[in-house]
There are 2 protein chains.
Amino acid sequence: MTPLDTLVNRRHRLAAAFHRPVVLWSGQPLARNFPANTYYFRANSHFLYLVGRSLARAAIYLNQGQLTLFIDDPPAGADLWHGPEPQRQELAEAIGAIAAYPLKALPPYLAEAATLPIQDWPERLPAHDSQWHQQLALAMVETRLYHDSLAQAEMTIAARVSMAAHRAGMAATRAAQTEAQVRAAMEAVILGHNLSCAYNSIVTIQGEVLHNPHYHHALTAGDLLLADVGAESGAGWAADITRTWPVSGRFSGPQADLYAVVLAAHDACIAAARPGVEYRHLHQLACHQLACGLVDLGILKGKADDLVDRNVHTLFFPHGVGHLLGLDVHDMEDLGDLAGYGPGRRRADRFGLCFLRLDRPLAEGMAVTIEPGFYQVAALLDRARQSGQYDDAVNWQRLEDFDTVRGIRIEDDLLITADGNQVLTAELPTARATIEDLVQGH
Amino acid sequence: MTPLDTLVNRRHRLAAAFHRPVVLWSGQPLARNFPANTYYFRANSHFLYLVGRSLARAAIYLNQGQLTLFIDDPPAGADLWHGPEPQRQELAEAIGAIAAYPLKALPPYLAEAATLPIQDWPERLPAHDSQWHQQLALAMVETRLYHDSLAQAEMTIAARVSMAAHRAGMAATRAAQTEAQVRAAMEAVILGHNLSCAYNSIVTIQGEVLHNPHYHHALTAGDLLLADVGAESGAGWAADITRTWPVSGRFSGPQADLYAVVLAAHDACIAAARPGVEYRHLHQLACHQLACGLVDLGILKGKADDLVDRNVHTLFFPHGVGHLLGLDVHDMEDLGDLAGYGPGRRRADRFGLCFLRLDRPLAEGMAVTIEPGFYQVAALLDRARQSGQYDDAVNWQRLEDFDTVRGIRIEDDLLITADGNQVLTAELPTARATIEDLVQGH
């Protein structure tokens with residue numbers, strides 16, 4: 001099946017799930033500080049899914065799977081600045097459109113069509129308020145949830161480049177003075193493959209800050225460095241990988257012990273992931289494994305099941321074990337929880353579980369991340385310790401032996417297959433000794 | 001003078017130029033594909049100028065130079081994801097605010113205040129339509145046009161890191177296979193200093209595409225690589241540097257000849273830049289120098305003055321010789337031509353001159369770029385040749401000897417000083433032999 005055949009197939013799958021016409025807008029470059037200085041443009045994911053390329057300022061009209069393209073030809077003289085750009089008819093042929101018109105021809109098509117709200121739609125159009133919006137969103141989720149071979153190939157590319165970035169980051173660490181220098185080494189691999197980052201990289205010695213946006217800290221020999229960095233393929237598909245490694249190239253004893261606990265949870269979830277398994281159960285499995293490991297280390301006291309029932313594990317693992325992966329690193333999160341939470345399900349209020357982004361049974365073709373972690377978040381732990389509430393469950397004194405561990409996360413990307421799963425990021429090692437070797441440059 | 005004193009001084013300078021209250025919005029992170037996945041946030045430049053740091057979702061109210069800050073405290077629980085963030089009062093002290101309130105307290109302040117339209121202001125506020133908008137914009141231009149020592153220090157940092165990026169790009173070229181790999185080596189230097197790019201890098205063997213956004217071409221030994229890459233300092237100040245170098249490390253004879261022509265124009269403009277000189281005259285000087293050089297090479301026929309009068313030079317140098325530089329790489333271009341064009345001046349209609357972004361007399365404290373170039377834009381040249389209109393002025397056959405030159409540009413950043421100018425980017429060589437040495441790794 002050619003890439004174009006796959007795109008046509010996606011359009012027909014959407015048409016089978018939603019029986020009305022659809023209009024989707026691609027988005028447009030956003031100004032950074034003045035109109036001519038824009039952020040890197042990346043089309044809306046729903047548009048990308050059906051069109052396969054990041055056309056700016058374009059709309060598509062889909063009717064029974066047939067695509068009509070709306071885009072303006074480049075203005076006269078634009079080639080001086082941007083080089084020769086394809087004309088509308090050329091684009092239409094490349095993407096298998098049955099017709100193509102300038103954008104000004106779009107409005108009549110909007111009246112009867114459903115659409116999805118897109119962040120930078122230039123003006124609020126009638127189709128935004130369509131009664132069909134929710135049904136279209138559901139149909140889109142059903143269509144995008146199961147990845148075809150083209151999607152899998154793109155995600156494989158993103159995974160491969162991301163793995164190379166992580167290897168480069170490990171190799172660069174011992175000579176680096178700051179987080180920023182390791183980040184630079186990692187993103188240079190992604191840029192060098194002419195790809196972009198699927199999300200803002202996390203490269204930090206303060207791994208307990210879950211979405212740490214800073215890179216200014218100096219590296220010191222005793223630190224663990226947590227790097228959550230993923231590439232996006234040319235057609236927009238994401239990878240999402242986290243590794244945690246010692247700046248010195250050698251985990252200390254306590255660091256190695258906690259790394260082993262997180263890795264055991266990671267491995268257990270991957271071993272258990274297959275079609276039919278509830279993703280929520282993988283989360284629970286991770287919680288249980290972490291609790292067991294922390295009991296074994298003497299950090300927690302009691303039975304793992306009881307500790308998880310009491311939510312004690314969330315003191316160290318407050319987030320969910322992962323999320324959908326696809327064109328978006330949190331796939332289809334622009335639709336809120338519609339993709340992550342199956343029909344009739346909604347997020348729990350309970351701390352920890354409220355951050356679980358996915359609650360569906362796994363099925364062939366779905367892609368998810370598995371990313372358990374251990375964190376020492378001062379605000380959480382101080383509050384818990386001062387409350388006295390967990391004194392029977394946490395050995396606070398023993399915990400102090402592990403004070404050189406701020407955050408450890410190990411994250412891989414899984415494609416669910418008929419008989420289990422395929423780890424798209426499997427070639428990047430997780431074993432402690434191998435990680436140490438890579439950092440040491442062996 | 002401390003940085004804070006300088007910020008306070010800027011506020012008073014603005015107040016002296018504009019006598020009414022002012023409200024400015026900082027902007028907010030923009031969604032890339034879903035709300036939690038945002039582009040790198042960088043506050044609006046007017047806000048940055050007066051506040052000195054990239055606060056997101058903040059507004060300032062200025063009255064007689066006194067600043068009141070409006071920003072919400074981080075929501076409860078945000079520290080789990082983003083780490084400890086400063087509270088409103090702490091920020092207010094750091095920036096010298098006389099008071100600080102949550103955003104919801106802002107509306108009453110808007111009624112009497114002028115503001116500037118900012119790309120991502122969350123909603124259209126009454127102040128946008130204020131009669132005072134144009135006067136505020138003019139006052140802001142007058143204030144920001146002349147760089148104080150803090151601004152100069154920031155631009156010096158941006159220039160220094162950008163020069164290092166260019167050296168890294170030259171050093172990486174011979175081992176690189178693609179434009180993307182050279183770009184990666186250059187941007188890695190910027191990221192490694194924990195800075196960002198001031199604009200989308202141009203790193204291309206198709207230098208004739210003036211704002212070439214592609215990096216996928218393979219490098220071949222006979223190519224010239226044009227790199228227009230600049231860093232932005234932590235407080236948001238830009239550098240803007242272009243160098244052109246041979247992929248092989250050695251300019252061919254024709255390439256060296258044309259490089260010398262562009263360099264002569266570049267050097268002449270820098271030598272001539274001083275307070276009181278019209279920037280438009282520097283543009284004309286560049287045009288004249290280029291025409292002279294092309295006559296010497298036998299590409300153009302006739303007298304340089306006549307050729308420039310007939311606009312023949314624009315066949316090879318269609319753009320302006322540079323622009324204002326400051327917090328924006330085209331400083332204050334969000335205000336259109338208000339900053340670039342002095343009172344009573346407006347862009348010419350004439351091809352070439354219509355792309356000149358700056359027409360003011362130079363004055364102490366202004367920063368500008370000097371960036372002459374030579375390009376062979378197929379569409380321009382084919383049209384000219386086919387028209388027969390330039391057959392007495394262009395030796396088309398001789399031009400073919402130079403067909404390995406697609407684009408050459410040499411760009412430096414100048415600060416105008418009392419007795420002339422200071423080239424902020426002077427430590428990055430322009431001499432052909434030195435460039436060759438750097439590419440060859442000597």
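This passage walks through a predicted two-chain model, from overall build to individual salt bridges.

The model being a prediction, local features need pLDDT of at least 70 and side-chain atom pairs count only at pLDDT 80 or more, while totals for chains, interfaces and linings use all residues. Residues are numbered from 1 along each chain as its sequence is written, chains are lettered from A and ligands numbered from 1 in the order in which they are written, and side-chain values use heavy atoms, with hydrogens and water left out.

Chain A first, as a whole. Its secondary structure comes to 14 helices and 16 strands; both are DSSP runs numbered from the N terminus, helices being H or I with at least four residues and strands E with at least two. The radius of gyration of chain A is 24 Å, close to the 22 Å that the globule rule gives for 442 residues, so chain A is as compact as a globular protein of that length. (The radius is taken over C-alpha atoms, and the rule is 2.2 Å times the number of residues to the power 0.38.) Along the principal axes, the C-alpha atoms of chain A fill a box of roughly 70 × 50 × 40 Å. Some 59% of the 442 residues of chain A count as buried, where buried means under 20% relative accessible area, exposed means over 50%, and partly exposed is in between (1.4 Å probe, protein chains only). Contacts, meaning heavy atoms within 4.5 Å, often reach far along chain A: among those between residues at least 6 apart in sequence, 72% join residues at least 24 apart.

Now for how the two copies sit together. Chain A lands on chain B after a rotation of 180° with 0.0 Å of shift along the axis, at an RMSD of 0.0 Å; the fit is by least squares on the C-alpha atoms of residues with pLDDT of at least 70 in both copies. That is the relation of a two-fold axis. In chain A, the C-alpha nearest this axis belongs to A:Ala188, 2.8 Å away from the axis. Both copies use the same surface, with 100% of the contact residues of chain A recurring in chain B.

Chain B offers an open four-stranded sheet, with the order E1-E4-E5-E6 and mixed pairing; strands pair if DSSP finds at least two bridges between them. At the edges are E1 (22–25) and E6 (99–101) of chain B, each pairing on one side only. Neighbouring strands of the sheet are turned by 20° against each other on average, direction ignored. Strands E4 (residues 58–63) and E5 (residues 66–71) of chain B run antiparallel to each other over six bridges, with B:Ala59 opposite B:Phe70 in E5(B). Helix H4 (residues 88–95) of chain B packs on this sheet, touching E5 and E6 of chain B, and its direction makes about 155° with that of E5(B). Such angles run from 0 to 180 degrees between N-to-C directions of lines fitted to C-alpha atoms, for helices over the stretch in contact.

Elsewhere in chain B, B:Ile416 lies in strand E15 (residues 412–417) and counts as buried at 1% relative accessibility. Leaving aside neighbours within four places in sequence, the contacts of B:Ile416 include B:Ala273, B:Pro275, B:Leu362 and B:Met366. B:Met366 is 50 residues away from B:Ile416 in sequence, yet the two C-alpha atoms are 5.4 Å apart.

Finally, the charged pairs. Side chains of opposite charge can pair when their charged atoms come close. With a salt bridge taken as a side-chain nitrogen of Lys or Arg within 4 Å of a carboxyl oxygen of Asp or Glu, the count comes to 44 over all chains. B:Arg406 bridges to B:Glu208, with the closest N and O atoms 2.7 Å apart; these two residues are 198 residues apart and both lie in loops. B:Arg406 is partly exposed at 35%, whereas B:Glu208 is buried at 9%. Another bridge joins B:Asp228 and B:Arg409, at 2.9 Å between the closest N and O atoms. B:Asp228 lies in strand E9 and B:Arg409 in strand E14 of chain B, so this pair ties together parts 181 residues apart in sequence. Here B:Asp228 is buried at 7%, and B:Arg409 is buried at 2%. In chain A, a network of salt bridges links A:Glu278, A:Arg280, A:Arg345 and A:Asp359.
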